[in-house]
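This report follows one helix and the nonpolar packing around that element. Please keep the structure in view while reading.

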Amino acid sequence: IGIRVATANERKQRIKINSPEDAAKLFQKRMQFLSHEEMVVMLLNAKHEVIGSRLISRGALTSAIVDPREVFSYAISKHACFVIVGHNHPSGCPQPSPEDEVFTAILEAAGKILGIYLLDSIIIGRGEYFSFEEAGRLDSKQD
């Protein structure tokens, strides 16, 4: 009974991600005005509730080196069903670079193999964001 009581409040306080905008708002709070790039991974359970978040990479003005293993090792350790990655563009322009496109495709493919699906890859600019999911650039089918 003690465990149920102790975890009841935790379950009630979990943030649910219903749309790319919900995720972008969380990332914006952290990254919107940074002068260097950062990549953050957000973990979700089967109900799309946030169960964890971690800085994966801190980079320079125009890039951050990220290894997909870092994203998924954290997701595996927390038993996540889904991941959303977010990074910022210090220039303020959230349009994806060719490198962003390639990295997102790699994460999506790796997630399908592991059964931890990439729900979105979001780029944060100043006051705006780009969502690969909203742009129709992810394969939403999780088969």
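Helices here are DSSP runs of H or I with at least four residues, strands are runs of E with at least two, and both are numbered from the N terminus. Residues are numbered from 1 along each chain as its sequence is written. The model is predicted, so that local features need pLDDT of at least 70 and side-chain atom pairs pLDDT 80 or more, while totals for chains, interfaces and linings use all residues.

Helix 3 is followed by His79, which has a positive phi near 60°. Within helix 3, Val71, Phe72, Tyr74 and Ala75 are buried (under 20% relative accessible area, with exposed meaning over 50% and partly exposed in between, for a 1.4 Å probe and protein chains only). Seen down the axis of helix 3, the buried residues fall within an arc of 155°, so they line one face, the arc being that of the directions from the axis to the C-beta atoms. By contrast, Ile76, also placed in helix 3, is partly exposed at 45% relative accessible area.

The largest nonpolar core (buried Ala, Val, Leu, Ile, Met, Phe, Trp, Tyr and Cys joined through side-chain atoms within 4.5 Å) has 21 residues, and Val41, Val71 and Phe72 are among those with the most contacts inside it. The elements below are among those that each supply at least two residues of this core.

| Element | Residues |
|---|---|
| Strand 1 | 38–44 |
| Strand 3 | 82–88 |
| Helix 4 | 98–114 |
| Strand 4 | 117–124 |

Helix 3 gives the largest share, 4 residues.

Note on methods
Side-chain values use heavy atoms; hydrogens and water are left out.
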